[in-house]
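Colleague: I have the model open and want the reasoning behind the labels. Take me through it.

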Amino acid sequence: MACSDDVVPVIIVNWNGKQFLPECLDALYIQTLKTLEIVLVDNGSRDGSVEFVRRNYPEIRVISLPRNLGFAAANNLALRTVRSP
């Protein structure tokens, strides 16, 4: 269990899921942990997901990939960039 001073990394892998992002991201902001490091890895979406997140959630770090590398590869890429407790 994370201590209250720890930063909790949250990785979201997205591929053309813009329609789901508002509910997902808003839910993260209403939970009780306030020290989140949110990283969205976009797997080459063409639905405006990256632009939507950058415009509406500028505090979220976006890793925009030029093509779909798959779920596991995207997670592994993000894991190498987060601060872990």
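Colleague: How are the strands of the sheet ordered, and is the pairing parallel or antiparallel?

Modeller: This is a predicted model, so everything here is computed from it. The sheet is open, with three strands in the order 1-2-3. The pairing is parallel. From one strand to the next, the twist averages 15 degrees.

Colleague: What makes strand 1 and strand 3 edge strands?

Modeller: Each has a single partner strand, so one side of each is left without a neighbour in the sheet.

Colleague: How do you know that strand 2 and strand 3 pair?

Modeller: Pairing takes at least two bridges. Five bridges join strand 2 to strand 3, so the two count as paired. Asp42 stands opposite Ser64 in strand 3.

Colleague: Which helices pack on the strands, and at what angles to strand 1?

Modeller: Helix 1 packs on the sheet and touches strand 1 and strand 2. Its direction makes about 175 degrees with that of strand 1. Helix 3 lies across strand 1, strand 2 and strand 3. The angle between helix 3 and strand 1 is about 145 degrees.

Colleague: Why are the buried residues of helix 3 said to line one face?

Modeller: The buried residues in helix 3, residues 71-79, are Ala74, Asn75 and Ala78. Seen down the helix axis, they fall within an arc of 100 degrees, so they line one face. In general, an α-helix has 3.6 residues a turn, so residues three or four places apart point the same way. What covers the buried residues of helix 3 includes strand 1, strand 2 and strand 3.

Colleague: Why is Val10 called buried?

Modeller: The cut-off is under 20% relative accessible area. Val10 has 17%, so it counts as buried. Val10 lies in strand 1. Leaving out residues up to four places away in sequence, Val10 touches Leu28, Leu36, Glu37, Ile38 and Val39. The C-alpha atoms of Val10 and Ile38 are separated by 4.8 Å, yet these residues are 28 apart along the chain.

Colleague: And Glu37: why is it classed as buried or exposed?

Modeller: Its relative accessibility is 10%, under the 20% limit, so Glu37 is buried. Glu37 lies in strand 2. Beyond its neighbours within four places in sequence, Glu37 is in contact with residues including Val8, Val10, Arg61 and Arg83.

Colleague: Which residues have the most contacts inside the largest nonpolar core?

Modeller: They are Ile12, Leu25, Leu40, Val53 and Ile60, in a core of 13 residues. Strand 1, helix 1, strand 2 and helix 2 each supply at least two residues of this core. A second, separate core has seven residues, among them Val41, Ile63, Ala74 and Ala78.

Colleague: What does Ile60 touch?

Modeller: Not counting residues up to four places away in sequence, Ile60 touches Leu25, Tyr29, Ile38, Leu40 and Val53.

Colleague: Now the whole chain. What pattern does the protein follow along the sequence?

Modeller: The pattern is β-α-β-α-β-α. That comes to three helices and three strands.

Colleague: Why is the protein called as compact as a globular protein of its length?

Modeller: The radius of gyration is 13 Å. The globule rule gives 12 Å for 85 residues. The two values are close, so the protein is as compact as a globular protein of that length. Its C-alpha trace spans about 40 × 25 × 15 Å along the principal axes. Buried residues make up 35% of the 85 residues.

Methods. Residues numbered from 1 in each chain as written. Predicted model: local features only at pLDDT ≥ 70, side-chain atom pairs only at ≥ 80, totals over all residues. Heavy atoms only, no water. Core = buried A, V, L, I, M, F, W, Y, C linked by side-chain atoms within 4.5 Å. Buried < 20%, exposed > 50% of the residue type's maximum accessible area, 1.4 Å probe, protein only. Helix = DSSP H or I, 4+ residues; strand = E, 2+ residues; numbered from the N terminus. Contact = heavy atoms within 4.5 Å. Arc of directions from axis to C-beta. Axes fitted to C-alpha atoms, helices over the stretch in contact; angles between N-to-C directions. Rg over C-alpha atoms; globule rule 2.2 N^0.38 Å.
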